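Colleague: Please take a close look at the enclosed space in this model, and say how it sits within the fold around it.

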Amino acid sequence: LAVPSVCMTLAEYLAFEIMTLEVSYLGTDPLAAQSIASTIGSLVFQIPFAYSCAAATRVSQLIGSMDKLNSIKSSRICIQAAAVLGCTTCTLLFLFAKPIVRIFTKDEVVISIALRILPILFITQCYDTVNVTIAGIFRAQGRQVLGTSLNFICYYLFGTPLSFYLGFYTDLKILGIWIGLSASVILIVIVQIVIIIRTDWDQIFEEAKKRNSLESEVFEHLE
C-alpha cells in the first residue's frame, strides 16, 4: 500500500508542475505570475494535507479497532470540517491577496496577471481541502489503489488536456490553464463523495481483519 500512497500524494504536485511547463510557453510575465501562484499554492496546500493526515490517522485507528459506527461518523465529520476549513482558507487568502503578491514582486504587469489567476487558486481551496481529506480517508480504508487511479484519471486524462486546450486554443491563456486544473479537482471531489457515500464498510472491515491477521503472523515469525 506504500507505493500507491506515494503516487496519490505526488499526483497533484505533478499536475501543478505540468501546468507550469505549459505556462512557460506563454511568455516571461505569465511564467513569473505562475511561479507566484504555484508557491502560494504549495504553501497553502500544507494546511489541508496536514489535516488529511490527522483525519487518516483517526479513521484508521477506528477501523483497526473494528469500531464501525464511529469510523463512519468520524469520516463524515472530517469531510464536513474540511469544507469549513477550505472556505475559511479561501476567505483569508482573498482578504490578503494583494499584500501577499507584493511580497514576491513589484512588477505591476506580473502583479496584475497574478491577481487574475489567484482567485481560481483561492476558490479551489474550498473543494481541494475536501479532496485531500477524502484521499486521507481512502488511505485509512486501505484503498490507496482506488485513490491513485482516480487522481491519474482526473488530473492527467481530464484536467491536463482541458488546461492545454483552454490555455492554447482559446483567449483565456493562463487563466484557462488554471480553470482546467480547478475543473479536474471538482471532478475528483464529486467522484470521491459518491464513492464515500456508497462505501461498503463491512468489506472495509473484512479487509482490515485480513491485514491485521497477516501482520500478526509476520510479527510471530520475527519473534
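Modeller: What follows begins with the fold as a whole, turns to the cavities, and ends with the packing around them.

This is a predicted model, and its protein chain has eight helices and zero strands, so that from the N terminus on the elements run α-α-α-α-α-α-α-α. Along its principal axes the C-alpha trace spans about 65 × 35 × 30 Å. Of the 223 residues in the chain, 46% are buried, and of the contacts with a separation of 6 or more, 81% join residues that are 24 or more positions apart.

Rolling a probe the size of a water molecule over the atoms shows where empty space is left. In this structure there are three cavities of 30 Å³ or more, and the largest has a volume of about 110 Å³. Its lining is made up of Met8, Thr9, Glu12, Phe45, Phe49, Asn131, Val132, Ala135, Arg139, Asn151 and Tyr155. Four elements each give two or more residues to that lining, namely α1 (2–23), α2 (28–64), α5 (108–141) and α6 (144–168); of these, α5 supplies the largest share, with four residues. Sorted by class, the lining of the largest cavity comprises six nonpolar, three polar and two charged residues.

The second largest cavity holds about 40 Å³ of space, and the residues that line it are Ala15, Ile18, Met19, Glu22, Gly159, Thr160, Ser163 and Leu181. Here the elements that give two or more residues are α1 and α6, and it is α1 that gives the most, again with four residues. The classes in this second lining are four nonpolar, three polar and one charged.

Helices α1 and α6 can also be followed through a single residue, Thr148, which is found in α6. Its relative accessibility is 11%, so Thr148 counts as buried, the cut-off being under 20%. Leaving aside residues up to four places away in sequence, Thr148 touches Pro4, Cys7 and Met8, and Met8 is one of the residues that line the largest cavity.

Tyr155 likewise links two parts of this account, since it lines the largest cavity and is also, with Phe122 and Trp178, among the residues with the most contacts inside the largest nonpolar core, which has 56 residues. The elements that give two or more residues to this core are α1, α2, α3 (68–95), α4 (97–104), α5, α6, α7 (174–197) and α8 (201–222), and the largest share, 16 residues, comes from α5. In soluble globular proteins, nonpolar side chains tend to be buried together.

Phe122 leads from the core to α3. Not counting residues up to four places away in sequence, Phe122 touches Ile40, Cys90, Leu93, Phe94 and Ala97; Cys90 and Leu93 are in turn among the buried residues of α3, which also include Ser71, Ile72, Ser74, Ser75, Cys78, Ile79, Ala82, Gly86 and Thr89. As for the geometry of α3, its 28 residues should span 40 Å at 1.5 Å a residue, and because its end C-alpha atoms are 41 Å apart, the two values agree.

Terms used: Residues numbered from 1 in each chain as written. Predicted model: local features only at pLDDT ≥ 70, side-chain atom pairs only at ≥ 80, totals over all residues. Heavy atoms only, no water. 1 Å grid on protein atoms, 1.4 Å probe; cavity = no way out; pocket = protein on both sides within 12 Å on 5 of 7 lines; lining within 4 Å. Points joined across faces, edges and corners; volume = space filled by probe spheres on them. Nonpolar A, V, L, I, M, F, W, Y, C, P; charged D, E, K, R; others polar. Core = buried A, V, L, I, M, F, W, Y, C linked by side-chain atoms within 4.5 Å. Buried < 20%, exposed > 50% of the residue type's maximum accessible area, 1.4 Å probe, protein only. Contact = heavy atoms within 4.5 Å. Expected span 1.5 Å × (residues − 1).
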